[in-house]
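Reader: I would like a close look at one part of this model, followed outward into what surrounds it. Please take one strand as the starting point and keep the wording plain.

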Amino acid sequence: MRYEITGGNLPVAICKLEAGEEVLCESGAMAWMDDGIRMETHGGGLGKMFGRAFSGESMFRNRYTAERNGEIAFASSFPGEIRAVELYGGKSVIAQKRCLLAFDGSVETEVHFQKRFSSGLFGGEGFIMQRFYGNGTVLLEIDGSAVEYYLAPGERKIVDTGHLVMMDDTCTMTVESVKGAKNMFFGGEGFFNTVVTGPGRIILQTMPISRTAERIYMYMPHERND
C-alpha cells in the first residue's frame with residue numbers, strides 16, 4: 001500500500017491501492033474514496049469483536065478492497081498527526097487504544113493484556129491495549145505532535161498518563177508512584193507515572209485528547225444549584 005500524509009495539523013492519509021489490495025479501518029474513519037473501491041463491514045468472529053470492544057475500539061471494522069486502481073483517504077478526528085508504522089520480519093508493536101486509524105490487509109491485530117496488574121490499574125493506559133504484527137503498514141492517529149525515541153536496553157522513559165501512543169513489543173511498561181507526599185498531592189501530575197523500559201522504539205504524543213477535554217471543561221460555564 002502506497003500512501004501520502006498531508007493536511008498539516010488536520011491531517012489526512014491518502015492511500016493509493018492497486019487492484020486487489022485491501023485496507024481496513026475503524027468504523028467512520030474513511031473520509032473519501034474513488035469509485036471502484038468496495039466496502040465490507042465485518043466483525044471477524046465473536047471473540048475478536050468483544051476483544052476490540054474491551055480495548056476501546058468499535059466492534060466492527062470496515063474492509064475496503066480495490067476492484068481497480070484508486071485511492072481512499074482516512075482523516076484524523078482531532079488536531080495532530082498521522083504516523084505510519086512499518087511492520088516487517090516478524091516485528092510487532094503495542095499501541096494505545098483508540099489511536100488506530102487504518103492498516104493494510106497483510107497486518108494482523110489482537111488484544112494485548114497488560115501482564116502487570118499495577119500497570120493496568122494505575123498506569124493510565126488501561127489493562128487492554130492493541131498489538132499489531134505481520135508485514136505491512138499501520139496508520140496511527142496522534143493527538144498533537146508525535147515525538148519518537150529509541151530506548152537502549154535498560155533505558156527508561158517516565159511518561160505522564162495518556163502520552164504513550166506506541167511501543168515496540170520488546171519494550172516493557174510498568175508504573176511507579178510519584179515520590180513524596182507533597183509532590184503527589186500538590187504537584188498536579190497525579191500519583192503515578194508510566195515507565196517504559198527499552199530496548200525499542202516508542203512514540204509519544206504532546207496533547208492527549210483526554211487532557212484537552214479536561215482543560216476545556218475547566219473553562220465551560222456550569223450551572224449553580226443555589
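Author: Strand 3, made of residues 22–26, pairs with strand 10 in the antiparallel sense, over 3 bridges. The model is a predicted one, and strand 10 is the part to follow here.

Within that pairing, Val23 has Asp104 of strand 10 as its bridge partner. Strand 10 also pairs with strand 13 (residues 136–143); these two run antiparallel and are joined by 3 bridges. One of the contacts in this pairing is the bridge between Leu100 and Leu140 of strand 13. As a general point, strands of a sheet pair through backbone hydrogen bonds, either parallel or antiparallel.

Strand 10 spans residues 100–104, and 5 of its 5 residues are buried. Just before it in the sequence, Cys99 is buried because its relative accessible area is 2%, and the cut-off for buried is under 20%.

Strand 10 also takes part in the largest nonpolar core, which has 17 residues; Phe132, Val138 and Met166 touch the most other members. At least two residues of this core come from each of strand 8 (80–87), strand 9 (92–95), strand 10, strand 13 and strand 16 (164–168). Strand 13 gives the largest share, 3 residues. Phe132 shows how these pieces meet: beyond four places in sequence, the residues it touches include Leu87, Val93, Ala95, Leu100 and Val138. Its contacts also include Lys91, Ser92 and Glu108. In soluble globular proteins, nonpolar side chains tend to be buried together.

Apart from this core lies another, of 16 residues, with Cys15, Ala66, Phe74 and Ile82 among them. Cys15 counts as buried because its relative accessibility is 0%. A search of the whole structure finds 0 disulfides. Cys15 is therefore in no disulfide: the nearest cysteine sulfur, that of Cys25, is 9.6 Å away, and the cut-off is within 2.5 Å.

Ile82 leads on to Ser76, since Ser76 touches Pro11, Ile82 and Glu141, leaving aside residues up to four places away in sequence. Ser76 sits in the loop between strand 7 (70–75) and strand 8. Its relative accessibility is 17%, so Ser76 counts as buried. Ser76 and Pro11 are 65 residues apart in sequence, but their C-alpha atoms are 5.7 Å apart in space.

Strands 9 and 16, named above for the largest core, also belong to an open sheet of 6 strands in the order 11-12-9-16-19-14, with antiparallel pairing. Strand 11 (107–113) and strand 14 (146–151) are the edge strands, each pairing on one side only. From one strand to the next, the twist averages 20°. At one edge, strand 14 pairs with strand 19 (residues 200–205) in the antiparallel sense over 6 bridges. In that pairing, Leu151 has Gly200 of strand 19 as its bridge partner.

A last point concerns confidence. The chain averages a pLDDT of 82, and 76% of the residues score at least 70. The pLDDT is below 50 over residues 117–125, a stretch with 27 contacts in the model beyond near neighbours in sequence. Residues 180–188 also stay under 50, with 7 contacts beyond four places in sequence. Where pLDDT is low, the predicted coordinates should not be read in detail.

Technical notes
Residues numbered from 1 in each chain as written. Predicted model: local features only at pLDDT ≥ 70, side-chain atom pairs only at ≥ 80, totals over all residues. Heavy atoms only, no water. Buried < 20%, exposed > 50% of the residue type's maximum accessible area, 1.4 Å probe, protein only. Helix = DSSP H or I, 4+ residues; strand = E, 2+ residues; numbered from the N terminus. Pairing = 2+ DSSP bridges. Axes fitted to C-alpha atoms, helices over the stretch in contact; angles between N-to-C directions. Core = buried A, V, L, I, M, F, W, Y, C linked by side-chain atoms within 4.5 Å. Contact = heavy atoms within 4.5 Å. pLDDT = per-residue confidence, 0-100.
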